[in-house]
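Q: Please take me through this structure one feature at a time. Start with the terms, then show me the case here.

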Amino acid sequence: CHDKVAEFIRSCQTFEGGLGGEPWSEAHGGYAFCGVAALQILGKLHVLDLPALTGWLARRQMSFEGGFSGRSNKLVDGCYSFWQGAAMAITSTMYNNLENAVDDSILFDTLMLERYILL
């Protein structure tokens with residue numbers, strides 16, 4: 001059963017690298033978080049194209065505001081800053097568990113996100 005769940009989530013990864021709610025749909029921050037979190041719980045995060053996912057997540061953080069948008073070409077939003085930031089934190093653990101990891105860094109600008117959320 002776990003393999004079928006992981007395969008379905010993997011089939012929802014888009015050409016952009018994010019995850020949609022079903023195969024062939026637009027990548028969306030909420031679905032990305034849910035898919036990443038579910039795969040992490042199942043121990044199967046590795047089934048995704050992690051470099052593509054990481055790139056998509058990183059492109060959602062806006063350089064001026066510091067928060068995250070939920071989809072390509074959309075404005076930042078507080079709720080998406082949670083979904084995307086959490087997905088990026090989970091994804092960061094995969095990179096930090098690699099043998100040649102340099103440090104336990106998070107793959108987004110945490111200070112900019114903090115400024116966006118708190119100010």
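A: A salt bridge needs a side-chain nitrogen of Lys or Arg within 4 Å of a carboxyl oxygen of Asp or Glu. Lys and Arg count as positive and Asp and Glu as negative, with His and the chain ends not counted. Buried stands for under 20% relative accessible area, exposed for over 50%, and partly exposed for values in between, using a 1.4 Å probe and protein chains only. This is a predicted model, where local features need pLDDT of at least 70, side-chain atom pairs count only at pLDDT 80 or more, and totals for chains, interfaces and linings use all residues. Residues are numbered from 1 along each chain as its sequence is written, and side-chain values use heavy atoms, with hydrogens and water left out.

Q: Which side chain of opposite charge is nearest to Arg 60?

A: That side chain is Glu 16, 5.3 Å away; Arg 60 is buried and has no salt bridge.

Q: What does the side chain of Arg 60 have a polar atom close to, at 3.1 Å?

A: A polar contact is a pair of N or O atoms within 3.5 Å; within protein, one must be able to donate a hydrogen and the other to accept it, and residues adjacent in sequence count only if both atoms are side-chain atoms. Here the partner is the backbone oxygen of Trp 56, 3.1 Å from a polar atom of the Arg 60 side chain. Contact in general means heavy atoms within 4.5 Å. Leaving aside residues up to four places away in sequence, Arg 60 touches Gly 67, Phe 68, Ser 69, Gly 70, Arg 71, Ser 72 and Gln 84.

Q: Where in the secondary structure is Arg 60 found?

A: Helices (H or I, at least four residues) and strands (E, at least two) are DSSP runs, numbered from the N terminus. Arg 60 belongs to helix H3, residues 50-60. Buried residues of H3 include Leu 53, Trp 56, Leu 57 and Arg 60. An α-helix has 3.6 residues a turn, so residues three or four places apart point the same way. At the start of H3, a side-chain oxygen of Asp 49 comes within 3.2 Å of the backbone nitrogen of Ala 52. The protein has five helices and zero strands.

Q: How many aromatic pairs does the structure hold?

A: Rings of Phe, Tyr and Trp (its six-membered ring) pair if their centres lie within 6.5 Å; planes under 30 degrees apart count as stacked, over 60 as edge-to-face and the rest as tilted. The structure holds four such pairs. In one of them, Phe 33 and Phe 82 are tilted, at 5.8 Å centre to centre with 55° between the planes. Phe 33 lies in helix H2 (residues 29-42) and Phe 82 in helix H4 (residues 78-96), so this pair ties together parts 49 residues apart in sequence. The rings of Phe 33 and Trp 83 are also tilted, because their planes are at 45°, with centres 5.2 Å apart. Ring pairs link Phe 33, Phe 82 and Trp 83 into a cluster.

Q: Are Phe 33 and Trp 83 buried or partly exposed?

A: Phe 33 is buried, at 17% relative accessible area, whereas Trp 83 is partly exposed at 29%. Over the whole protein, 41% of the 119 residues count as buried.
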